Amino acid sequence: MTACEGGRPRTLRDWAAVLAVALGLAAVLELVGVPSATLIAGLITGLGRALLIRRPAALPQHAMTGAQAVVGVSIGALVSVSTVQVLRLVVMLLTAPLVSTLLQRGR
């Protein structure tokens with residue numbers, strides 16, 4: 001096995017390709033006017049990589065934590081007050097039947 005068949009060079013090449021595709025797709029989606037273009041591009045790129053390449057993508061834990069933080073902050077920046085109000089209503093509407101069902105089962 002050569003150095004490029006397994007290990008660090010292959011991993012770097014995989015992640016460089018994923019990053020390049022995600023950045024290119026994000027640029028195209030941004031030009032088209034898609035909201036949250038970077039989030040959608042990352043999702044599509046990750047999904048495509050997972051479906052096309054059977055080998056798991058190795059990523060250090062600190063990089064995974066950082067990526068999740070970036071996604072969380074990006075989503076948080078997109079949330080408006082009206083969205084939170086709608087979500088509060090939806091949670092209340094879904095909670096009432098759930099609580100009712102649980103109380104009836106407890107009898």
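## A walk around a four-helix chain

Start with the whole chain in cartoon view: you should find four helices and zero strands. Keep in mind as you go that this is a predicted model. Trace the cartoon along the sequence and the pattern reads α-α-α-α. The radius of gyration is 21 Å, well over the 13 Å that the globule rule gives for 107 residues, so the chain is more spread out than a compact globule. Turn the C-alpha trace onto its principal axes and you'll see it span about 65 × 40 × 25 Å.

**Switch on the surface.** How much of the chain is buried? Buried residues come to 8% of the 107, with buried meaning under 20% relative accessible area. The surface you're looking at adds up to about 8600 Å², and carbon and sulfur atoms supply 72% of that exposed area. If you'd rather draw contacts, take those with a sequence separation of 6 or more: 44% of them link residues 24 or more positions apart.

**Now go to the largest pocket.** Rolling a probe the size of a water molecule over the atoms shows where empty space is left. In the largest pocket, that space is about 670 Å³. Select Trp15, Gly42, Leu43, Ala67 and Val71 to centre your view, as these lie nearest the middle of the pocket among its 24 lining residues. Next, colour α1 (8-32), α2 (37-52) and α3 (61-78), the elements that each give two or more residues to the lining. Which helix gives the largest share of the lining? That's α2, with nine residues. Colour the lining by residue type and you get 17 nonpolar residues, six polar and one charged.

**Last stop: Ala57.** Select Ala57 and you land in the loop between α2 and α3. Is Ala57 buried, partly exposed or exposed? With a relative accessible area of 36%, Ala57 is partly exposed, because the partly exposed class runs between the buried cut-off of 20% and the exposed cut-off of 50%. Show its surroundings and skip the neighbours within four places in sequence: Ala57 is then in contact with Trp15 and Arg49. You've already met Trp15 as one of the residues nearest the centre of the largest pocket. To finish, draw a C-alpha to C-alpha distance from Ala57 to Leu98: they are 41 residues apart in sequence and 39 Å apart in space.

Note on methods
Residues are numbered from 1 along each chain as its sequence is written. This is a predicted model: local features need pLDDT of at least 70, side-chain atom pairs count only at pLDDT 80 or more; totals for chains, interfaces and linings use all residues. Side-chain values use heavy atoms; hydrogens and water are left out. The radius of gyration is taken over C-alpha atoms; the globule rule is 2.2 Å times the number of residues to the power 0.38. Buried means under 20% relative accessible area, exposed over 50%, partly exposed in between (1.4 Å probe, protein chains only). Contact means heavy atoms within 4.5 Å. Accessible areas come from the Shrake-Rupley method with a 1.4 Å probe; for residues, only the protein chains shown count as cover. On a 1 Å grid over the protein atoms alone, a cavity is a set of points where a 1.4 Å probe fits but cannot get out, and a pocket is an open set with protein on both sides within 12 Å along at least five of seven lines; lining residues have an atom within 4 Å of a point. Grid points are joined across faces, edges and corners, and a volume is the space filled by probe spheres set on the points. Ala, Val, Leu, Ile, Met, Phe, Trp, Tyr, Cys and Pro count as nonpolar, Asp, Glu, Lys and Arg as charged, and the others, Gly among them, as polar.
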